[in-house]
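Biologist: Before accepting the terms used for this protein, I should like to see the reasoning behind them. Could we begin with the ligand site?

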Amino acid sequence: MAILEEDKFKKVIAHAKEYGYVFPSSEIYDGLSAVYDYGQNGVELKKNIRDYWWQAMVQMNENIVGLDAAIFMHPTTWKASGHVDAFNDPLIDNKDSKKRYRADVLIEDYVAKIEDKIEKEVSKAAKRFGESFDKAQFLATNTRVIEYQAKAAAILKRMGQSLANEDLADVKALIEELEIACPLTGSRNWTEVKQFNLMFGTKIGASAENSVDLYLRPETAQGIFVNFLNVQKSGRMKIPFGIAQTGKAFRNEIVARQFIFRMREFEQMEMQYFVRPGEELQWYESWKQRRLKWHLSLGLGAENYRFHNHDKLAHYANAAADIEFKFPFGFKELEGIHSRTNFDLSSHQKFSGKKLQYFDPEHNESYVPFVVETSVGLDRMFLAVFSTALQDETLEDGSMRTVLKLPAVLAPIKAAVLPLVKKDGLPEIAHKIIDTLKFDFNVVYDEKDAIGRRYRRQDANGTPFCITVDHDTLLDNTVTIRYRDSMQQERVKIQDLIALISKEVLPKYWLEKC
Ligand code: ATP
């Protein structure tokens, strides 16, 4: 990470704590690595992101329904899904620094550096050519850039193949050939690459003899697969249809040091779409586009997203792509879209001995449906939104303000109601306004400090509107409404507040863009 980016990331973490968004878990005991708690604002932002996803996926689609499966599942589930045998990450230790890394991540970081070099060439050329610069043409013709691109592609291809063939010796050879060093110490003294299973084990039952070994689910998807027929039959669902679920998942991540980007306990928002065999790749393409549109609807900037198509496919997939987002530490996976074939349902059918088939009345045949999955991490979404929203601005008078420009639909608090002074009946009117707004929106009251400081506090908290009650309010029932992003103020009637705020914060006005 470049120093500027590192500073920005530190600021994100500090701001999240200072404003009650994210705290380290059990902090009074010095925390627990890669586990975090969401504070009073964080829990609201997280809920709003989850709701926004749920509305877009379930409420807006007649053929997608929800599910809330338990975290504990019969242990055979994880045999059938392949997680017991294949849910591994390749790990490598540095013998000198004693630090442990994911071998694939070391290689991917190396490739990211090559991509940074390409970006640098692009910005240099953009400066040189000015307005006439054509990026696509430059990327396709500049010999240095072409060499970089070819090198990056060759490395990823070789890594993909070695991992797919379980050739861990070659993964190590690649690390050595590229002269990748321990990022902390620069040492190139590596151990062999080993596989490490990411599932957390636990036990259920009262006594040692009767207890059964279980796993904490590493993904929510399997709860959907084992309930496929329950939902299809009870809901009389016709293919194509989807089942959506949000909930906790657990992974014993090898390296987890990027705040809420990679946690050991996290939340997923997943949707499995059941389709006719042979139609899965069409649906896969269509879900890729629909999910990107959902992200773009939040207005965080199209330049912050890109697709990354997988060379290395998981054991269950015949096509896979990530939607990557530009986090403070570079482009990384935010959401995965996978064409999972009929692997999971067929495998559960085999292990359980129960038929998991669908009778298609249009084709007059039974089959195991194919599945297209969309899977996005709620915590990663949180980080994407929060880190992009946090901005330092220099104002016209030269002063600085820190503002959290959260999309208004997601902001934890929609409006703060502020009496200009703590007397003359203004606090009472402010409380009355809160009493009318609170049925529709999360609102707060704030009377402490000068009005300017209160505005700054709400800016930093991400509150889109400040409503100020002053002496004129006593005369004509109007208030000043101040917009967080533009800092513009206007005078409006109290009775118009609900309509005005609704226009900016209600999900329907945002979902229209999906
Ligand atoms: P990565 O390559 O970053 O480990 P993955 O490919 O293993 O991720 P998936 O299994 O596709 O991830 O999970 C779907 C989504 O769940 C990811 O796109 C991500 O948003 C989220 N996710 C996965 N692992 C974690 C984690 N440890 N902490 C937070 N979110 C996670």
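Modeller: The model is a predicted one. In it, an N or O atom in the side chain of Gln-268 is 3.4 Å from an oxygen atom of the ligand.

Biologist: What makes the pair at Gln-268 a polar contact?

Modeller: The cut-off for a pair of N or O atoms is 3.5 Å. The Gln-268 pair, at 3.4 Å, therefore counts as a polar contact.

Biologist: Which distances are found for Arg-102 and Glu-253?

Modeller: A polar side-chain atom of Arg-102 lies 3.4 Å from an oxygen atom of the ligand. For Glu-253, the partner is a nitrogen atom of the ligand, and the distance is 2.7 Å. Both values are within 3.5 Å, so these pairs also qualify as polar contacts.

Biologist: How much of the ligand does the protein cover?

Modeller: On its own the ligand has 590 Å² of accessible area, and the protein covers 86% of that area.

Biologist: Which elements give two or more residues to the shell around the ligand?

Modeller: They are β10 (265-275), β13 (330-341) and β16 (370-377). β13 gives the most, with five residues.

Biologist: How do the residues of the shell divide by character?

Modeller: Seven are charged, five polar and four nonpolar.

Biologist: Turning to the sheet, why are β4 and β6 called paired?

Modeller: Pairing requires at least two bridges. Four bridges join β4 (residues 88-93) to β6, so the two strands pair; they run antiparallel. The sheet is open, with three strands in the order β5-β4-β6.

Biologist: What makes β5 and β6 edge strands?

Modeller: Each of them pairs on one side only.

Key
Residues numbered from 1 in each chain as written. Predicted model: local features only at pLDDT ≥ 70, side-chain atom pairs only at ≥ 80, totals over all residues. Heavy atoms only, no water. Polar contact = N/O pair within 3.5 Å; in protein donor to acceptor, adjacent residues only side chain to side chain. Areas by Shrake-Rupley, 256 points an atom, 1.4 Å probe, with all protein chains shown as cover. Nonpolar A, V, L, I, M, F, W, Y, C, P; charged D, E, K, R; others polar.
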